[in-house]
Amino acid sequence: MTQRIDTQSIGELNPPNRLMLTPGPSSMDPRVYRALAAPLVGHMDPWFKGCMDDTQVLLRQIFQTENRLTMPLSASGSGGIEASVVNTLEEGDEAIICVNGIFSERMAVIAGHTAAKVTKVEAPYGKAVDAEDVRRAGKGKKIKIVGLAQGETSSGVLTQIVDFRKVADELGALLVVDTVASLAAVPLHVDRERVDICFSGTQKAISAPPGMSPITVSPRAEEVFRTRKTKVQSWYFDLSTAMNYWGKERLYHHTPPVSLIYALREAMRIVLEEGLEARWAKHKLNQLALVAGVEALGLKLLVENPKDRLVTVTAVMIPAGVNDAKFRNQLLEEFNIEIAGGLGPLKDKIWRLGLMGYCSQKPFVLQLLAAMEKSLHDQSHRVSPGAGVGAALGVYIKAETPALAAR
(Lines give C-alpha, C1' and ligand atoms only; values in the text may rest on other atoms or scores of the structure.)
Protein backbone atom coordinates (compact mmCIF):
# COMPACT_ATOMS: atom_id res chain seq x y z
CA MET A 1 0.00 0.00 0.00
CA THR A 2 1.36 3.41 -0.99
CA GLN A 3 2.01 5.69 1.97
CA ARG A 4 -0.02 8.88 1.82
CA ILE A 5 1.98 12.10 2.05
CA ASP A 6 0.62 15.22 3.71
CA THR A 7 1.25 17.66 0.86
CA GLN A 8 -0.05 20.53 3.01
CA SER A 9 3.15 20.31 5.04
CA ILE A 10 5.25 20.95 1.94
CA GLY A 11 5.44 24.71 1.62
CA GLU A 12 6.33 26.94 -1.31
CA LEU A 13 9.95 26.58 -2.39
CA ASN A 14 12.02 29.25 -0.67
CA PRO A 15 15.75 28.43 -0.63
CA PRO A 16 18.20 30.63 1.31
CA ASN A 17 20.13 33.24 -0.65
CA ARG A 18 23.68 32.04 0.06
CA LEU A 19 26.95 33.66 -0.95
CA MET A 20 28.45 30.72 -2.84
CA LEU A 21 32.21 31.02 -2.39
CA THR A 22 32.68 27.38 -3.35
CA PRO A 23 34.50 25.62 -6.20
CA GLY A 24 31.09 25.59 -7.89
CA PRO A 25 28.35 26.36 -8.32
CA SER A 26 28.88 30.08 -8.00
CA SER A 27 26.28 32.72 -7.23
CA MET A 28 24.64 34.32 -10.26
CA ASP A 29 24.00 37.84 -11.50
CA PRO A 30 20.36 38.98 -11.14
CA ARG A 31 20.20 39.24 -14.94
CA VAL A 32 20.79 35.49 -15.18
CA TYR A 33 17.95 34.80 -12.74
CA ARG A 34 15.67 36.95 -14.91
CA ALA A 35 16.67 34.96 -17.98
CA LEU A 36 15.79 31.74 -16.16
CA ALA A 37 12.29 33.08 -15.51
CA ALA A 38 11.63 33.88 -19.19
CA PRO A 39 8.69 32.07 -20.87
CA LEU A 40 9.40 28.54 -22.01
CA VAL A 41 9.26 27.78 -25.73
CA GLY A 42 9.66 24.51 -27.59
CA HIS A 43 13.14 23.31 -28.40
CA MET A 44 12.24 23.23 -32.13
CA ASP A 45 10.60 26.67 -32.06
CA PRO A 46 12.04 28.97 -34.79
CA TRP A 47 12.66 31.67 -32.18
CA PHE A 48 14.62 29.25 -30.00
CA LYS A 49 16.79 28.25 -32.96
CA GLY A 50 17.91 31.88 -33.09
CA CYS A 51 18.66 31.72 -29.36
CA MET A 52 20.80 28.67 -30.05
CA ASP A 53 22.68 30.56 -32.76
CA ASP A 54 23.41 33.37 -30.28
CA THR A 55 24.59 30.85 -27.68
CA GLN A 56 27.09 29.31 -30.09
CA VAL A 57 28.41 32.70 -31.23
CA LEU A 58 29.00 33.77 -27.63
CA LEU A 59 30.53 30.42 -26.68
CA ARG A 60 33.04 30.59 -29.54
CA GLN A 61 34.16 34.00 -28.30
CA ILE A 62 34.66 32.74 -24.75
CA PHE A 63 36.60 29.69 -25.96
CA GLN A 64 38.47 31.96 -28.42
CA THR A 65 37.82 29.60 -31.33
CA GLU A 66 36.21 29.36 -34.74
CA ASN A 67 35.49 25.65 -34.37
CA ARG A 68 32.28 24.59 -36.11
CA LEU A 69 31.56 21.99 -33.46
CA THR A 70 31.02 24.26 -30.44
CA MET A 71 27.96 23.79 -28.24
CA PRO A 72 26.76 23.26 -24.67
CA LEU A 73 26.12 19.62 -23.86
CA SER A 74 23.04 18.86 -21.76
CA ALA A 75 25.16 17.47 -18.93
CA SER A 76 27.40 18.42 -16.04
CA GLY A 77 31.14 18.91 -16.49
CA SER A 78 31.58 15.17 -15.98
CA GLY A 79 29.49 14.69 -19.11
CA GLY A 80 32.02 16.88 -20.91
CA ILE A 81 34.79 14.56 -19.75
CA GLU A 82 32.89 11.52 -20.99
CA ALA A 83 32.04 13.03 -24.37
CA SER A 84 35.66 14.03 -24.94
CA VAL A 85 37.02 10.61 -24.08
CA VAL A 86 34.51 8.20 -25.61
CA ASN A 87 34.41 9.99 -28.96
CA THR A 88 38.16 9.68 -29.40
CA LEU A 89 39.17 6.33 -27.94
CA GLU A 90 38.69 2.88 -29.52
CA GLU A 91 40.12 -0.56 -28.94
CA GLY A 92 43.84 -0.56 -29.68
CA ASP A 93 44.27 3.15 -28.91
CA GLU A 94 46.52 4.48 -26.17
CA ALA A 95 45.84 7.48 -23.96
CA ILE A 96 47.94 9.44 -21.50
CA ILE A 97 46.01 11.25 -18.77
CA CYS A 98 47.71 13.75 -16.47
CA VAL A 99 46.42 13.19 -12.93
CA ASN A 100 46.92 15.60 -10.04
CA GLY A 101 43.51 15.58 -8.37
CA ILE A 102 40.05 14.08 -8.20
CA PHE A 103 38.74 15.43 -11.50
CA SER A 104 41.79 14.70 -13.64
CA GLU A 105 41.63 11.24 -12.07
CA ARG A 106 38.00 11.07 -13.23
CA MET A 107 39.15 11.58 -16.82
CA ALA A 108 41.46 8.58 -16.42
CA VAL A 109 38.67 6.51 -14.87
CA ILE A 110 36.28 7.31 -17.73
CA ALA A 111 38.98 6.55 -20.29
CA GLY A 112 39.39 3.21 -18.52
CA HIS A 113 35.78 2.38 -19.37
CA THR A 114 36.74 2.33 -23.05
CA ALA A 115 38.73 -0.43 -24.74
CA ALA A 116 41.81 1.78 -24.98
CA LYS A 117 45.00 1.39 -22.94
CA VAL A 118 45.29 4.21 -20.44
CA THR A 119 48.53 5.44 -18.85
CA LYS A 120 48.33 7.84 -15.92
CA VAL A 121 51.12 10.37 -15.42
CA GLU A 122 50.72 11.64 -11.89
CA ALA A 123 51.80 14.46 -9.63
CA PRO A 124 51.04 14.96 -5.93
CA TYR A 125 47.90 16.93 -5.08
CA GLY A 126 48.97 20.57 -5.00
CA LYS A 127 51.45 20.17 -7.86
CA ALA A 128 51.18 20.34 -11.63
CA VAL A 129 52.13 17.34 -13.76
CA ASP A 130 55.50 17.75 -15.50
CA ALA A 131 55.17 17.71 -19.31
CA GLU A 132 58.54 15.97 -19.48
CA ASP A 133 57.05 13.00 -17.60
CA VAL A 134 54.35 12.79 -20.28
CA ARG A 135 56.99 12.84 -23.00
CA ARG A 136 58.82 9.95 -21.35
CA ALA A 137 55.61 7.96 -20.85
CA GLY A 138 54.69 8.27 -24.52
CA LYS A 139 58.09 7.71 -26.05
CA GLY A 140 58.02 5.04 -28.75
CA LYS A 141 54.21 4.67 -28.55
CA LYS A 142 51.36 5.76 -30.77
CA ILE A 143 49.31 7.93 -28.43
CA LYS A 144 45.76 8.91 -29.40
CA ILE A 145 45.07 11.56 -26.75
CA VAL A 146 46.86 13.48 -24.02
CA GLY A 147 44.34 14.67 -21.43
CA LEU A 148 44.76 17.19 -18.63
CA ALA A 149 42.84 19.63 -16.42
CA GLN A 150 43.86 23.25 -16.89
CA GLY A 151 42.31 23.91 -13.50
CA GLU A 152 42.12 21.04 -11.01
CA THR A 153 39.10 21.88 -8.86
CA SER A 154 39.95 19.50 -6.04
CA SER A 155 43.33 21.03 -5.24
CA GLY A 156 43.40 24.50 -6.79
CA VAL A 157 46.23 23.75 -9.23
CA LEU A 158 46.72 25.51 -12.57
CA THR A 159 48.42 23.64 -15.42
CA GLN A 160 50.02 25.57 -18.29
CA ILE A 161 48.82 24.19 -21.62
CA VAL A 162 51.68 25.21 -23.90
CA ASP A 163 54.23 22.55 -22.93
CA PHE A 164 51.67 19.77 -23.23
CA ARG A 165 50.73 20.90 -26.74
CA LYS A 166 54.37 20.50 -27.74
CA VAL A 167 54.52 17.01 -26.26
CA ALA A 168 51.21 16.02 -27.87
CA ASP A 169 52.59 17.16 -31.23
CA GLU A 170 55.67 14.99 -30.76
CA LEU A 171 53.46 12.02 -29.91
CA GLY A 172 50.99 12.68 -32.73
CA ALA A 173 48.19 12.96 -30.16
CA LEU A 174 45.06 15.01 -29.74
CA LEU A 175 45.15 17.38 -26.76
CA VAL A 176 42.06 17.19 -24.54
CA VAL A 177 41.74 19.93 -21.89
CA ASP A 178 39.32 20.18 -18.97
CA THR A 179 38.54 23.87 -18.33
CA VAL A 180 35.60 23.32 -15.98
CA ALA A 181 37.19 25.44 -13.23
CA SER A 182 39.05 27.88 -15.46
CA LEU A 183 37.00 28.96 -18.50
CA ALA A 184 36.24 32.73 -18.43
CA ALA A 185 38.62 33.24 -15.48
CA VAL A 186 42.01 32.06 -16.77
CA PRO A 187 43.59 33.02 -20.12
CA LEU A 188 42.60 30.47 -22.75
CA HIS A 189 42.87 30.67 -26.54
CA VAL A 190 41.66 27.35 -27.93
CA ASP A 191 42.68 28.04 -31.53
CA ARG A 192 45.99 29.78 -30.75
CA GLU A 193 46.99 27.08 -28.24
CA ARG A 194 45.73 24.36 -30.62
CA VAL A 195 43.58 22.54 -28.10
CA ASP A 196 41.76 19.75 -29.95
CA ILE A 197 38.91 19.17 -27.50
CA CYS A 198 38.09 21.59 -24.72
CA PHE A 199 35.15 21.31 -22.33
CA SER A 200 33.90 23.20 -19.31
CA GLY A 201 30.94 23.69 -16.98
CA THR A 202 28.41 26.49 -16.92
CA GLN A 203 28.16 26.85 -13.13
CA LYS A 204 31.64 28.09 -12.37
CA ALA A 205 33.34 31.22 -13.75
CA ILE A 206 30.63 31.76 -16.37
CA SER A 207 28.18 31.92 -13.43
CA ALA A 208 25.20 30.23 -15.07
CA PRO A 209 23.17 27.41 -13.49
CA PRO A 210 24.64 23.90 -13.30
CA GLY A 211 23.53 21.36 -15.87
CA MET A 212 25.41 22.17 -19.08
CA SER A 213 28.92 21.44 -20.30
CA PRO A 214 30.21 23.73 -23.06
CA ILE A 215 32.49 21.88 -25.47
CA THR A 216 34.46 22.78 -28.58
CA VAL A 217 36.12 20.38 -31.02
CA SER A 218 38.82 21.18 -33.58
CA PRO A 219 38.51 20.12 -37.24
CA ARG A 220 41.35 17.67 -36.62
CA ALA A 221 39.43 15.98 -33.82
CA GLU A 222 36.24 15.99 -35.93
CA GLU A 223 38.13 14.05 -38.58
CA VAL A 224 39.13 11.49 -35.95
CA PHE A 225 35.45 11.09 -35.06
CA ARG A 226 34.52 10.56 -38.72
CA THR A 227 37.15 7.90 -39.31
CA ARG A 228 36.37 5.73 -36.27
CA LYS A 229 36.26 2.02 -36.99
CA THR A 230 33.64 1.36 -34.30
CA LYS A 231 30.57 3.12 -32.95
CA VAL A 232 30.96 5.48 -30.02
CA GLN A 233 30.04 3.44 -26.94
CA SER A 234 27.61 6.12 -25.73
CA TRP A 235 24.56 7.10 -27.80
CA TYR A 236 23.84 10.22 -25.74
CA PHE A 237 27.40 11.58 -25.91
CA ASP A 238 28.10 10.65 -29.55
CA LEU A 239 29.07 14.11 -30.79
CA SER A 240 28.59 13.20 -34.45
CA THR A 241 24.84 12.86 -33.81
CA ALA A 242 24.45 15.41 -31.00
CA MET A 243 25.88 18.05 -33.33
CA ASN A 244 23.04 17.45 -35.77
CA TYR A 245 20.81 19.40 -33.38
CA TRP A 246 23.32 22.20 -32.84
CA GLY A 247 24.37 22.20 -36.52
CA LYS A 248 22.66 23.90 -39.46
CA GLU A 249 20.10 21.11 -39.81
CA ARG A 250 18.79 21.47 -36.21
CA LEU A 251 17.69 17.82 -36.33
CA TYR A 252 16.07 16.51 -33.18
CA HIS A 253 18.43 14.59 -30.90
CA HIS A 254 17.11 15.11 -27.37
CA THR A 255 15.14 17.76 -25.50
CA PRO A 256 17.67 20.31 -24.25
CA PRO A 257 17.22 22.35 -21.05
CA VAL A 258 15.68 25.41 -22.69
CA SER A 259 15.67 27.62 -19.59
CA LEU A 260 19.29 26.75 -18.81
CA ILE A 261 20.25 27.82 -22.33
CA TYR A 262 18.48 31.15 -21.76
CA ALA A 263 20.53 31.61 -18.60
CA LEU A 264 23.79 30.55 -20.24
CA ARG A 265 23.21 32.99 -23.10
CA GLU A 266 22.71 35.88 -20.65
CA ALA A 267 25.65 34.85 -18.45
CA MET A 268 27.96 34.80 -21.47
CA ARG A 269 26.70 38.23 -22.53
CA ILE A 270 27.78 39.50 -19.10
CA VAL A 271 31.21 37.88 -19.48
CA LEU A 272 31.81 39.49 -22.86
CA GLU A 273 30.41 42.89 -21.82
CA GLU A 274 33.11 42.92 -19.15
CA GLY A 275 35.70 41.66 -21.64
CA LEU A 276 37.71 38.47 -21.34
CA GLU A 277 41.02 40.14 -20.56
CA ALA A 278 39.44 42.38 -17.92
CA ARG A 279 37.73 39.35 -16.40
CA TRP A 280 40.96 37.35 -16.33
CA ALA A 281 42.73 40.26 -14.62
CA LYS A 282 39.90 40.69 -12.08
CA HIS A 283 40.06 37.03 -11.08
CA LYS A 284 43.83 37.27 -10.66
CA LEU A 285 43.65 40.40 -8.50
CA ASN A 286 40.92 39.05 -6.25
CA GLN A 287 42.79 35.83 -5.68
CA LEU A 288 45.99 37.73 -4.82
CA ALA A 289 44.01 39.72 -2.25
CA LEU A 290 42.45 36.54 -0.84
CA VAL A 291 45.83 34.83 -0.57
CA ALA A 292 47.33 37.84 1.21
CA GLY A 293 44.43 37.85 3.65
CA VAL A 294 44.52 34.11 4.29
CA GLU A 295 48.25 34.19 4.97
CA ALA A 296 47.79 37.17 7.31
CA LEU A 297 45.37 34.98 9.28
CA GLY A 298 48.26 32.58 9.85
CA LEU A 299 47.01 29.96 7.37
CA LYS A 300 49.06 28.04 4.82
CA LEU A 301 48.19 27.18 1.22
CA LEU A 302 48.27 23.72 -0.31
CA VAL A 303 49.75 25.01 -3.58
CA GLU A 304 53.08 26.47 -2.60
CA ASN A 305 54.23 27.83 -5.98
CA PRO A 306 52.23 30.98 -6.85
CA LYS A 307 52.55 30.16 -10.58
CA ASP A 308 50.68 26.89 -10.00
CA ARG A 309 47.73 28.48 -8.17
CA LEU A 310 44.38 28.42 -9.88
CA VAL A 311 42.70 31.83 -9.49
CA THR A 312 39.20 30.41 -9.07
CA VAL A 313 39.90 27.89 -6.29
CA THR A 314 42.27 28.54 -3.40
CA ALA A 315 43.12 25.50 -1.28
CA VAL A 316 43.84 26.47 2.33
CA MET A 317 45.34 24.05 4.84
CA ILE A 318 43.14 23.54 7.91
CA PRO A 319 45.25 24.49 10.96
CA ALA A 320 45.73 22.10 13.85
CA GLY A 321 43.03 22.38 16.47
CA VAL A 322 40.37 23.74 14.12
CA ASN A 323 37.39 21.51 13.34
CA ASP A 324 36.60 21.53 9.62
CA ALA A 325 32.85 20.89 9.79
CA LYS A 326 32.33 23.31 12.71
CA PHE A 327 34.22 26.07 10.85
CA ARG A 328 32.28 25.67 7.62
CA ASN A 329 28.97 25.40 9.45
CA GLN A 330 29.65 28.64 11.29
CA LEU A 331 30.39 30.44 8.03
CA LEU A 332 27.09 29.14 6.68
CA GLU A 333 24.89 29.73 9.72
CA GLU A 334 26.34 33.01 11.02
CA PHE A 335 27.51 34.66 7.80
CA ASN A 336 25.46 32.90 5.09
CA ILE A 337 28.69 32.01 3.24
CA GLU A 338 29.26 28.56 1.78
CA ILE A 339 32.77 27.23 1.15
CA ALA A 340 33.87 23.65 0.48
CA GLY A 341 36.05 21.10 2.21
CA GLY A 342 38.56 18.73 0.69
CA LEU A 343 37.82 15.65 -1.39
CA GLY A 344 39.45 12.21 -1.37
CA PRO A 345 42.87 12.26 0.27
CA LEU A 346 42.41 15.96 1.07
CA LYS A 347 39.21 15.45 3.08
CA ASP A 348 39.45 17.23 6.46
CA LYS A 349 42.80 18.69 5.37
CA ILE A 350 41.86 21.72 3.27
CA TRP A 351 39.20 24.33 2.69
CA ARG A 352 38.48 25.22 -0.90
CA LEU A 353 37.61 28.89 -1.33
CA GLY A 354 35.99 29.74 -4.64
CA LEU A 355 36.15 33.12 -6.36
CA MET A 356 34.36 32.36 -9.61
CA GLY A 357 32.67 34.68 -12.05
CA TYR A 358 30.02 36.74 -10.24
CA CYS A 359 31.58 35.77 -6.89
CA SER A 360 34.99 37.15 -7.81
CA GLN A 361 34.37 40.57 -6.29
CA LYS A 362 36.31 42.72 -3.84
CA PRO A 363 33.41 43.04 -1.32
CA PHE A 364 32.99 39.27 -1.22
CA VAL A 365 36.73 38.72 -0.62
CA LEU A 366 36.69 41.11 2.33
CA GLN A 367 33.45 39.62 3.67
CA LEU A 368 34.89 36.12 3.54
CA LEU A 369 38.11 37.08 5.30
CA ALA A 370 36.22 38.85 8.09
CA ALA A 371 33.97 35.80 8.57
CA MET A 372 36.96 33.46 8.57
CA GLU A 373 38.69 35.57 11.23
CA LYS A 374 35.67 35.40 13.52
CA SER A 375 35.22 31.64 12.99
CA LEU A 376 38.91 30.95 13.62
CA HIS A 377 38.85 33.11 16.76
CA ASP A 378 35.85 31.17 18.07
CA GLN A 379 37.90 27.98 17.82
CA SER A 380 40.80 29.56 19.75
CA HIS A 381 43.02 30.00 16.68
CA ARG A 382 45.17 33.07 17.38
CA VAL A 383 44.44 35.84 14.88
CA SER A 384 45.47 39.50 14.93
CA PRO A 385 42.24 41.52 14.73
CA GLY A 386 41.63 42.81 11.20
CA ALA A 387 44.79 41.21 9.83
CA GLY A 388 43.15 39.33 6.97
CA VAL A 389 41.00 42.20 5.72
CA GLY A 390 43.89 44.63 6.15
CA ALA A 391 46.28 42.52 4.08
CA ALA A 392 43.72 42.13 1.31
CA LEU A 393 43.02 45.87 1.27
CA GLY A 394 46.75 46.45 0.91
CA VAL A 395 46.71 44.41 -2.32
CA TYR A 396 43.73 46.35 -3.66
CA ILE A 397 45.18 49.73 -2.73
CA LYS A 398 48.45 48.89 -4.44
CA ALA A 399 46.66 47.73 -7.59
CA GLU A 400 44.49 50.86 -7.66
CA THR A 401 47.42 53.23 -7.11
CA PRO A 402 49.75 53.34 -10.15
CA ALA A 403 52.73 54.68 -8.19
CA LEU A 404 52.50 51.83 -5.68
CA ALA A 405 51.86 49.18 -8.31
CA ALA A 406 55.04 50.21 -10.15
CA ARG A 407 57.24 49.49 -7.13
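This briefing walks through the cores, some buried strands and the cysteines of the structure above. Keep in mind that the model is predicted. The largest nonpolar core holds 92 residues, and another core, of 31 residues, lies apart from it. Strands S2 and S14 are each largely enclosed by the rest of the structure, and a search of the whole structure finds zero disulfides.

**The nonpolar cores**

- Within the 92 residues of the largest core, the ones that touch the most other members are Met71, Val134, Leu175 and Ile215.
- Helix H9, which spans residues 258–274, supplies the largest share of this core, with nine residues.
- The other core, set apart from the largest one, has 31 residues, and Leu21, Phe327, Leu331 and Leu353 are among them.
- To get a feel for the surroundings of Leu175, leave out residues up to four places away in sequence: Leu175 then touches Val146, Leu148, Ile161, Phe164, Arg165, Ala168, Val195, Asp196 and Ile197.

**Strand S2 and its partner**

- Strand S2 covers residues 69–73, and five of its five residues are buried, so the rest of the structure largely encloses this strand.
- S2 is joined by five bridges to strand S10, residues 213–217, and the two run antiparallel.
- If you would like a place to start looking, Leu69 has Val217 of S10 as its bridge partner.

**Strand S14 and its partners**

- Strand S14 takes in residues 350–354, and because five of its five residues are buried, S14 too is largely enclosed by the rest of the structure.
- Its two faces are both covered: one side carries the buried residues Ile350, Arg352 and Gly354, while the other carries Trp351 and Leu353, also buried.
- Five bridges link S14 with strand S11 (residues 313–317) in the antiparallel sense, and Val313 has Gly354 as its bridge partner.
- S14 also pairs with strand S13 (residues 340–341), again in the antiparallel sense, over two bridges; here Ala340 stands opposite Arg352.

**The cysteines**

- A disulfide is a covalent bond between the sulfur atoms of two cysteines.
- Searching the whole structure turns up zero disulfides.
- Why is Cys198 not bonded to Cys98? The closest cysteine sulfur to that of Cys198 is in Cys98, 14 Å away, and that is too far for a bond.
- Cys198 has a relative accessible area of 0%, so this residue is buried.
- Cys51 also counts as buried, because its relative accessibility is 3%, and the cut-off for buried is under 20%.

Terms used:
Residues numbered from 1 in each chain as written. Predicted model: local features only at pLDDT ≥ 70, side-chain atom pairs only at ≥ 80, totals over all residues. Heavy atoms only, no water. Core = buried A, V, L, I, M, F, W, Y, C linked by side-chain atoms within 4.5 Å. Buried < 20%, exposed > 50% of the residue type's maximum accessible area, 1.4 Å probe, protein only. Helix = DSSP H or I, 4+ residues; strand = E, 2+ residues; numbered from the N terminus. Contact = heavy atoms within 4.5 Å. Pairing = 2+ DSSP bridges. Disulfide = S-S within 2.5 Å.
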